[in-house]
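Trainee: Could you go through this structure with me and explain how its labels are earned?
Mentor: Gladly; let us put it on screen.

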Amino acid sequence: MVAGDGSWKLDLFRPWVLDEIINKIIGVPPPHPSSDGSVRFDEGFTADGGCVRNHNGEWINGFAKYLGNCIVLEVELWGILDGLNLILDRHFEKILIQTDNIEAINIILEDSSGSSNSSLVRKIHLILRKIEQWKIQYILREENLIADCLAKSVHTRRLGLRLFENPPLGV
């Protein structure tokens with residue numbers, strides 16, 4: 001929920017989200033390298049997708065991976081983890097994580113100690129500890145079109161992360 005001037009309008013979420021978390025979302029200033037993720041569901045077939053951008057918002061690479069049968073939150077967390085691994089390999093010191101899933105944001109921010117029962121969240125926190133500065137940002141689903149397109153590009157149950165050197169055409 002972004003106003004015309006670029007400011008966040010998250011009052012709608014205040015009954016469900018702690019003010020501390022909303023303030024972290026609001027306080028995310030670009031530019032930083034970023035990653036976003038998406039989900040595709042077809043009869044037990046899930047895939048994540050996302051992209052890594054530089055501090056100017058320019059494409060570095062995209063990724064997608066078949067995950068099997070997962071719930072939405074797990075797929076979003078896999079997308080964040082895959083993006084973080086790609087960012088970590090490039091030795092960025094400051095990053096911005098973008099997702100259209102407020103539940104993923106909450107679970108990552110609420111469990112900053114890294115003691116989660118979720119192995120995905122623990123792995124995310126292990127990587128985040130290696131990064132000098134990071135923030136997480138909520139984006140609208142409509143702003144996540146490239147990640148959605150990459151997730152939908154997965155048509156087989158082949159394992160492994162697929163990397164894309166160029167962004168999808170027409171997005």
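Mentor: Let us begin with angles: those under 35 degrees count as roughly parallel, over 145 as roughly antiparallel, 65 to 115 as roughly perpendicular and the rest as oblique. Axes are lines fitted to C-alpha atoms, for helices over the stretch in contact, and the angles run from 0 to 180 degrees between N-to-C directions. This is a predicted model, in which local features need pLDDT of at least 70 and side-chain atom pairs count only at pLDDT 80 or more, while totals for chains, interfaces and linings use all residues. Residues are numbered from 1 along each chain as its sequence is written, and side-chain values use heavy atoms, leaving out hydrogens and water.

Trainee: What makes H2 and H4 roughly parallel to each other?
Mentor: Their packing angle is about 25°, with the axes 10 Å apart. An angle under 35 degrees counts as roughly parallel, so H2 and H4 earn that label. Their crossing is left-handed, meaning that the near helix is turned anticlockwise from the far one by less than a right angle (clockwise would be right-handed).

Trainee: How are H2 and H3 oriented to each other, and why?
Mentor: H2 and H3 pack at about 65°, with axes 9 Å apart. The perpendicular range is 65 to 115 degrees, so this pair is called roughly perpendicular. The crossing of H2 with H3 is right-handed.

Trainee: Which residues of H2 and H3 meet?
Mentor: Leu73, Glu76, Leu77 and Ile80 of H2 meet Glu103, Ala104, Ile107 and Ile108 of H3, where contact means heavy atoms within 4.5 Å. These residues divide into six nonpolar, no polar and two charged. Here Ala, Val, Leu, Ile, Met, Phe, Trp, Tyr, Cys and Pro count as nonpolar, Asp, Glu, Lys and Arg as charged, and the others, Gly among them, as polar.

Trainee: How do you know what counts as a helix or a strand?
Mentor: They are DSSP runs numbered from the N terminus: helices are H or I with at least four residues, strands E with at least two. By that rule the chain has five helices and six strands.

Trainee: Why is Asn61 called buried or exposed?
Mentor: Buried means under 20% relative accessible area, exposed over 50%, and partly exposed in between (1.4 Å probe, protein chains only). Asn61 has 10% relative accessibility, so it counts as buried. Asn61 is found in strand E3, and its contacts beyond four places in sequence include Cys51, Leu86 and Phe164.

Trainee: And why is His91 called buried or exposed?
Mentor: His91 has a relative accessible area of 66%, so it is exposed. His91 lies in the loop between H2 and E4, and its phi is near 60°, a positive value in a residue other than glycine. Most residues other than glycine have a negative phi.

Trainee: What makes a group of residues a nonpolar core?
Mentor: It is a set of buried Ala, Val, Leu, Ile, Met, Phe, Trp, Tyr and Cys residues joined through side-chain atoms within 4.5 Å. The largest one here has 24 residues, of which Leu77, Leu84, Ile124 and Leu128 touch the most other members. The largest share of this core, seven residues, comes from H2. A second, separate core of five residues includes Ala47, Ala64, Tyr66 and Val154.
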